[in-house]
Amino acid sequence: MPRGRRGGRVSALEGGPEEEAPPAAAAVPSALWASRLQPEAAAGQTLLRGIFEIGRSSCDVVLSELALRWWPIQPERPAGDSKYDQRKEEFIEVKDIFSVKLKRRCSVKHQGNGTLLGITLFICLKKEQNKLKDSTLDLINLSEDHCDVWFKQFKKILAGFSNRPKSLKVILNPQSHKKEATQVYYEKVEPLLRIAGIKTDVTITEYEGHALALLKHCELQEFDGVVCVGGDGSASEVAHALLFRAQKNAGKETDRLLTPVRAQLPLGLIPAGSTNVLAHSLHGIPHVVTATLHIIMGHIQPVDVCTFSTTDKLLRFGFSAMFGFGGRTLALAEKNRWMSPSQRRDFAVMKALAKLKPEDCEISFLPCISSHNLQERKAEGSPKSDSSDQWQTIHGQFLNVSIMAIPCLCSVAPRGLAPTTRLNNGSMALIVVRNTSRPEFIKHLKRYASVKNQFNFPFVETYTVGEVRVRPRNKSGCDPEEDDGQQAAASEHSFPWNIDGDLVEAESEVQVKLHPRLISLYGGSMEEMNDSKVTCNCL
């Protein structure tokens, strides 16, 4: 909460002018502070113009439907002096404002409304490296009438952003990472949502699968979106639950999905896990305030989703998967959950490398058509499929198979596990690592953390695909002769898959199919974020 600028007194911010306030401490001529309201003003034209104190300078302030602009009021110019011609104009775009409050000075002795100081605007600023920051701008004016007119106009403009949520269902996993999710939400997320005037209904999950069970039957009509506070496992579970419910509401047979329907509500991801691959890929940075502000501002990104299925059963909806080394590593980590997240991750990787062995597989896939050829086909009126009709098959001994519909950015792979993939480019990255020596495989893994090309090895192959089928040809994903805990993580005839950080066991062929833009996530385009600039230097 901002402080008053005089004598350390606290300034209170209120959301509306309904309650009467005592007279202003200093009388100001009304003609000087008069505002000119133009209700029929077109976009970009002036709505209000008045005088406020901003940063200890009296400023001429102009509000249009697109921007708030101001510049210092200069003394009368001496004859022949040209230096006063230069007025430093500053502005903020109206679309970057997410809340407005009346600012009052309160004291402990006097209860109720304090002395009006002006108006406080809460603003979303775009910083470097895709980061967003909340800031405030105080418009100081002691006139009740003047501030009331401006306050109502700001509220009217903000009400016009229909894409911004007003009510959210929040799913919070208290066990994420170091059990910090609850603290992250109530210290960093909830205060911003409250300032933005967003109502929330919070459910703290109590067991694995709680979010799925809740969202299958929860009444969601009153909410504008769903927010998940947790790691990749929690986020993937909530996304799967929203999509699964959408199919049920549409009367779809979930085990035989050909064309699933879109999720009905957008999903917001607050990173509170150990890797935060989904949030990192979405925002370009695993930053809690950035993720929260994307939700508040109503920034929506349609995102591609995969279905993972066996012959007659839908395993789940998801964004990425690993089979082989990636699946075994997760199985080992899950077996040792008594360790801290970082300890069990390191232990699982070292153990899986020590017992490194390939899987005998047959992999079939539908290659994707290049974007240039796809545009030509669409121009000619051809079906809007970006996959060819010719299946291709490779087989052999594979150490790892990765299938990813998103870039999968994380701290150990800052450029992404699949750096050429985008959130909604209508294709998946299929990355297969054929059998090689342990030292060469380790070199490949280390490349993910460097600027070198991690795919520049003779045993690594990459494909851009729309559909994949992985059929193991040996009996199980674990060697029965190995007594290292992997056998306990998978049944006798099942194979461990790592799907969005969740361990999923499959007993036979797994089919992965891409469905373009199947869910909407709260997040901004990284290209737009990189192109944006901060235009107000005073914030």
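In the predicted model, Glu461 and Arg434 form a salt bridge whose closest N and O atoms are 2.5 Å apart. Because Glu461 belongs to strand 19 and Arg434 to strand 18 (residues 428–434), this pair ties together parts that are 27 residues apart in sequence. Arg434 is partly exposed, since its relative accessible area is 23% and the partly exposed class lies between 20% and 50%. Elsewhere, Glu93, Lys95, Asp96 and Lys126 are joined into one network by salt bridges that share partners.

In the structure as a whole, the search for salt bridges returned 16. One of them is formed by the side chains of Asp138 and Lys103, with an N to O distance of 3.7 Å. This pair links distant parts of the chain, for Asp138 is in strand 8 (residues 132–140) and Lys103 is in strand 6 (residues 97–106), 35 residues apart. Lys103 has a relative accessible area of 1% and is therefore buried, the cut-off for that class being under 20%. A further salt bridge joins Arg471 to Glu362, where the closest N and O atoms are 3.2 Å apart. Here too the pair links distant parts of the chain: Arg471 is found in strand 19 and Glu362 in strand 16 (residues 359–367), with their positions 109 residues apart. Arg471 is partly exposed, at a relative accessible area of 33%, and Glu362 is also partly exposed, at 22%.

The protein chain contains twelve helices and 22 strands. Of its 539 residues, 51% count as buried. Among contacts in the protein chain with a separation of 6 or more, 68% are accounted for by residues 24 or more positions apart.

Helix 8 (residues 341–354) comprises 14 residues, and the distance from its first C-alpha to its last is 20 Å, close to the 20 Å expected at 1.5 Å a residue. Its buried residues are Pro341, Arg344, Ala348, Ala352 and Leu353. These residues lie on the same side of helix 8, because they cover an arc of only 160 degrees around the axis. Met350 and Ala354, on the other side of helix 8, are exposed. The buried residues of helix 8 pack against two other helices, helix 7 (325–335) and helix 10.

Helix 7 is itself mostly covered, with nine of its eleven residues buried. The buried residues of helix 7 include Phe325, Gly326, Gly327, Arg328 and Thr329. Leu330, Ala331, Leu332 and Ala333 in helix 7 are buried as well.

Helix 10 (438–447) is followed by a loop that leads to strand 19 (460–472), and Phe455 lies in this loop. Phe455 counts as buried because its relative accessibility is 18%, which is under the 20% cut-off. Apart from neighbours within four places in sequence, Phe455 is in contact with Leu417, Pro419, Ile431, Tyr448, Val460 and Thr462. Phe455 and His444 are eleven residues apart in sequence, and their C-alpha atoms are 7.4 Å apart in space.

Strand 7 (residues 115–126) and strand 8 pair in the antiparallel sense, with nine bridges between them. Within this pairing, Gly118 has Ile140 of strand 8 as its bridge partner. The hairpin of strand 7 and strand 8 has five residues between the strands, and Gln129 in this hairpin takes a positive phi near 60 degrees. In a regular strand, the side chains alternate between the two faces of the sheet.

The cysteines were examined in turn. A search of the whole structure finds zero disulfides. Cys410 is in no disulfide, and the nearest cysteine sulfur, which belongs to Cys408, is 7.9 Å away; a disulfide would require the two sulfur atoms to be within 2.5 Å. Cys410 counts as buried because its relative accessibility is 5%. Cys228 is likewise buried, with a relative accessible area of 2%.

Key. Residues are numbered from 1 along each chain as its sequence is written. This is a predicted model: local features need pLDDT of at least 70, side-chain atom pairs count only at pLDDT 80 or more; totals for chains, interfaces and linings use all residues. Side-chain values use heavy atoms; hydrogens and water are left out. Helices (H or I, at least four residues) and strands (E, at least two) are DSSP runs, numbered from the N terminus. Buried means under 20% relative accessible area, exposed over 50%, partly exposed in between (1.4 Å probe, protein chains only). Contact means heavy atoms within 4.5 Å. A salt bridge is a side-chain nitrogen of Lys or Arg within 4 Å of a carboxyl oxygen of Asp or Glu. The expected span of a helix is 1.5 Å times one less than its number of residues. The arc is that of the directions from the helix axis to the C-beta atoms. Two strands pair if DSSP finds at least two bridges between them.
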